[in-house]
Amino acid sequence: MPTKRLVSIFTDGELDMSCGEYDSEYFGLARLTVVQRPIEQAIMVGLDGDVAALGSGVNDAEDSIPMGKADTPLFSSAHAIANIDGYAYVVGPWRTICRRTAPDVWENLAHRTSLPRPEPDKFGSTDDGFDCIAGYNATDIYAGGGEGDLWHFDGKRWDQCPVPTNMKIENICCAGDGHVYVGLQSGSIMRGRENKWKMIHNGTFSLPFKDMAWFDGKVYCTSDYGVWTIENGKFINPDLPAEVRSCSGNLSVGDGVMLLAGMYGATVYDGSKWTSLLPTSM
């Protein structure tokens, strides 16, 4: 397996940069987030549950996420990771979900009294589950995946959301305008909260959105085709420089800026200008 490198770029107000890194031969299909609790760190989780932490004096691997019991697994594989209320949350197949409460400690949140395992599909498979997760806080979380399989967690129990679609759920963005935006297959978008949802955009792309994030009063959506925004419920193709569109890929928001990073570069947006961090050509 190729070596994976977790790179951290630290900047001051003028974007003067210093870097740190962590290398490993593990971490297939690595997922990454930055947490503030229990301490501020970058957390990387591999598909098979490998974990590494960087920051606050730490630069090392942690114990892998435990598998748990066979009937109610804490973890089977990592499909997505997110920062919610400062903590790292990981979701995966069989509607598994867990939260990192301390180094080497993961709490199982897949309470089977209210969050049952998925029913077998038409092919007899039962490993469908969550592919994305987002939340406003620990008592207002959304996780989804599969064909219209969206759930809400109030901190005690899970409830399935009655969504108006059976399209595959790809992304979730808990936006600052009070709405939850759900990216679906082909770039379609659904908006709502808990038990009220409606389609606001019917996509025609061959690929779904890769990432969605709220910044500067709008939802940003990315795919291999470029960058779009949602403003006041309207899907918009913004006028962005070519060097910004070439960075289309993953999004991350923090400290008053948004990072857009993809195969051909990375750039930071502060709400008024884009600043390149990496070369935008190979």
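## Terms and model

Strands are DSSP runs of E with at least two residues, and they are numbered from the N terminus. The model described here is predicted.

## Loops with unusual backbone

R37 and P38 are joined by a cis peptide bond, with omega at about -5°. P38 sits in the loop that lies between strand 3 (31-35) and strand 4 (41-45).

Two residues that are not glycine have a positive phi: S186, at about 65°, and D216, near 55°. S186 belongs to the loop between strand 16 (180-184) and strand 17 (189-193). The loop of D216 lies between strand 19 (211-215) and strand 20 (218-223). Are these residues buried, partly exposed or exposed? S186 has a relative accessible area of 24%, so it counts as partly exposed. D216 is also partly exposed, because its relative accessible area is 40%; the range for this class runs between 20% and 50%.

## Strand 20 and its neighbours

Strand 20 pairs with strand 19 in the antiparallel sense, and five bridges link the two. Within this pairing, W214 has V219 of strand 20 as its bridge partner. The two strands form a hairpin with two residues between them, and D216 takes its positive phi in this hairpin.

Strand 20 also runs antiparallel to strand 21 (residues 226-231), again with five bridges. Here V219 stands opposite I230 of strand 21. The connection from strand 20 to strand 21 is a hairpin through two residues. V219 therefore appears in both pairings, with W214 as partner in one and I230 opposite in the other, where a strand counts as paired if DSSP finds at least two bridges.

Why is strand 20 described as largely enclosed by the rest of the structure? The reason is that six of its six residues are buried. Both faces are covered: one side carries K218, Y220 and T222, the other V219, C221 and S223, and all of these are buried.

## Cysteines

How many disulfides does the model have? The count comes to zero. A disulfide is a covalent bond between the sulfur atoms of two cysteines. For C221, the nearest cysteine sulfur is that of C173, 7.7 Å away. The cut-off for a disulfide is 2.5 Å between the sulfur atoms, so a pair at a distance beyond this is not counted.

C221 is buried, with a relative accessible area of 0%. C247 is buried as well, at 0% relative accessibility.

## Nonpolar cores

The largest nonpolar core has 16 residues, and the members that touch the most others are Y89, I97, L115, I133 and W158. Four elements each give two or more residues to this core: strand 7 (80-84), strand 8 (87-92), strand 12 (140-145) and strand 13 (149-153). Strand 7 contributes the most, with three residues.

Which residues does L115 touch, leaving out those up to four places away in sequence? They are R95, I97, A110, F130, W151 and W158. Of these, I97 and W158 are, like L115, among the core members that touch the most others.

Another core, of 15 residues, lies apart from the largest one. Its members include C132, C161, I169 and M190.

Conventions: Residues numbered from 1 in each chain as written. Predicted model: local features only at pLDDT ≥ 70, side-chain atom pairs only at ≥ 80, totals over all residues. Heavy atoms only, no water. Core = buried A, V, L, I, M, F, W, Y, C linked by side-chain atoms within 4.5 Å. Buried < 20%, exposed > 50% of the residue type's maximum accessible area, 1.4 Å probe, protein only. Contact = heavy atoms within 4.5 Å.
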